[in-house]
Each structure stands twice: as structure tokens, then as C-alpha cells.
Amino acid sequence: MTRTCSTTSRACWPPSTRRPKLILIINPNNPTGIFIDDADLTRFAELGIPMCIDEAYLDYHPQVEAKVDSSRKYPHVFLSHTFSKAFGARRPSAWATWSGSPTVVDAFNLMYLPWNLSLMAIAAAEAILDTGEVKQKVVYNNDWMKKFADALSAKGLKPYEAHGNYMLVDASVTGKTSAEIVQAANDTQQVIIKTIKPINGKEGYFRVTPGTPAECERFMAFIEAYF
């Protein structure tokens, strides 16, 4: 059943369809690392459904701006950002949320627990923001990502461009399964990489995140020896 109507109208949804309560967009996406096109974000926003744009990995791609304008233009759109990625802190706070709408802010205030954040946790968060450590981590991360990508490509594998602290790799050309590759990395070099379920029916995907210099070098050695 279809209807012709404005995308912002609640009447667009067929009677048999339950209207979603929230749209969650991961930008850049995990695990593919791709950014969602602005035009597509606008199409989602114009549906009028509350929408969260999660920018947890945006720090690794500083030339891309946060979608603050979308939150200002659409009152039902809000952004979320975590301290647990580039900032490397599970505490003091898991999330920072920004919204241009007082209504959305009031809704979050109703959900907050009384002990949500302490003054010490807030002070620690401010201290993290004031250091240059995050920029150093981003440079370190991105340098290793390029080395990984070059080494993997040289072996005929397909590394997807990394926009976060992880890289998705298509190694299906080898005929190996994701589990076999991950197990081999652990057995031969004591390197832990992540299994990925089949994508579009293809096996052999895995995900890697840079660690210490020694760990990264062991992963490079694994690439050279295994592939």
C-alpha cells in the first residue's frame, strides 16, 4: 500500500505500518567506516521522526564537521558523542549530547538519573578537552591505518577507508573464513582482531584496530606471512 504525500507528514505512514519511535544514524558507520551522505541525512530528518546522529568516531576525521546545522534546522534531530573512542575514557562520561531544541533537552533531563555525573567527572571531562592528547592519538591512529591499508592492498585484499579507530577488511578473495583469519592472527602473532559476519553472502571479512606500536608491527608481520 502506498500514499502520495509530503515526507514530513505523519499521514505518510500506511495504516498497517507502526511508526518508528527513533532513527539512529551512526556517522561514520561502524564497521564499514563510511559517512552518510548529507542528502540522505536530510531525507531521514524530513520524515519528522526523532533522530539521533551518533558521531562517536568523528574525531578521527577532523576535516568533517559535526552535523550541528541539522540539529538546529530540525528540532527532532540531536547529536551524540562519546568520550570512549578518541578520548580513551569510559569515564568520566559515556556520552555528550547536543540538541538545538529545548524540547529534546527537557526530555533528556527527565531521563537522567540523579547520580548521572559528579562534579569530579565533569572536571575530568573538561580536562580531557583542553589537552592536545586527542590530536596526537588521531595522528597515531591514522598513520597506522595507512600502513595497514597499504600492506593489505599489496596482498590483493580490500581494506575499506578507515574513518574511525577500526578498519573493515574484505579478505574473501583468499577463500578463508573470518573465524579462520582471526584464529590465525591470534595463534601466530598473538594479535586479536575481530570477526565479522558474512556481508552480502561473502565470508572472509574482519576488523582491525591499531594497538601499541609492538602490536601493530605484529599485525603487519601477520599480513606478510599469512596472506
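Asn-200 is found in the loop between β7 and β8, and that's where I'd like to start. A quick word on names: helices (H or I, at least four residues) and strands (E, at least two) are DSSP runs, numbered from the N terminus. Please keep in mind that this is a predicted model, where local features need pLDDT of at least 70, side-chain atom pairs count only at pLDDT 80 or more, and totals for chains, interfaces and linings use all residues. Residues are numbered from 1 along each chain as its sequence is written, and side-chain values use heavy atoms, with hydrogens and water left out.

Back to our loop. Is Asn-200 buried or exposed? Asn-200 counts as exposed because its relative accessibility is 78%. For the cut-offs, buried means under 20% relative accessible area, exposed over 50%, and partly exposed in between, with a 1.4 Å probe and protein chains only. Asn-200 also has a positive phi, near 55°, in a residue other than glycine. On the other side of β7, Gln-190 sits in the loop between α6 (178-189) and β7. Gln-190 has a positive phi of about 55° too, although it is not a glycine.

Now let's follow the strands on either side of Asn-200. β7 and β8 (residues 205-208) run antiparallel and are joined by 2 bridges; two strands pair if DSSP finds at least two bridges between them. Across that pairing, Thr-195 stands opposite Phe-206 in β8. Within β8, Tyr-205 and Arg-207 point one way, Phe-206 and Val-208 point the other way, and all are buried. β8 also runs antiparallel to β6, with 4 bridges between the two. There, the bridge partner of Asp-170 is Tyr-205 in β8.

Which strands make up the whole sheet, and in what order? It is an open sheet of 4 strands, ordered β5-β6-β8-β7 with antiparallel pairing. At the edges are β5 (158-159) and β7 (194-195), each pairing on one side only. Helix α5 (residues 133-154) packs on this sheet and touches β5, β6 (167-170) and β8. The direction of α5 makes about 0° with that of β6. A contact here means heavy atoms within 4.5 Å.

α5 has a helix partner as well. Two packed helices are described by the angle between their axes and the distance between the axes. For α5 and helix α7 (residues 213-226), the axes come within 10 Å and cross at roughly 10°. That makes α5 roughly parallel to α7, since angles under 35 degrees count as roughly parallel, over 145 as roughly antiparallel, 65 to 115 as roughly perpendicular and the rest as oblique. The axes are lines fitted to C-alpha atoms, for helices over the stretch in contact, and angles run from 0 to 180 degrees between N-to-C directions.

Who meets whom there? From α5 we have Tyr-140, Trp-144, Lys-147, Phe-148, Ala-151 and Leu-152, and they meet Pro-213, Cys-216, Glu-217, Phe-219, Met-220 and Ile-223 in α7. By class, that contact has 10 nonpolar, no polar and 2 charged residues. In this scheme Ala, Val, Leu, Ile, Met, Phe, Trp, Tyr, Cys and Pro count as nonpolar, Asp, Glu, Lys and Arg as charged, and the others, Gly among them, as polar.

Let's jump to the early part of the chain. In strand β1 (residues 23-26) the side chains alternate: Ile-23 and Ile-25 point to one face and are buried, while Leu-24 and Ile-26 point to the other and are not. β1 and strand β2 (residues 51-54) run parallel, joined by 4 bridges, and Ile-25 has Ile-53 in β2 as its bridge partner.

After β1 come two prolines for you to look at. The peptide bond from Asn-27 to Pro-28 is cis, with omega near 5°, and the one from Asn-30 to Pro-31 is also cis, with omega near 15°. Pro-28 lies in the loop between β1 and α1 (38-45), and so does Pro-31.

One more residue: Ser-80, in strand β3 (residues 77-82). Ser-80 counts as buried because its relative accessibility is 7%.

To finish, the overall picture. The protein has 7 helices and 8 strands, and buried residues make up 37% of its 227 residues. Among contacts between residues at least 6 apart in sequence, 64% join residues at least 24 apart. Thanks, everyone!
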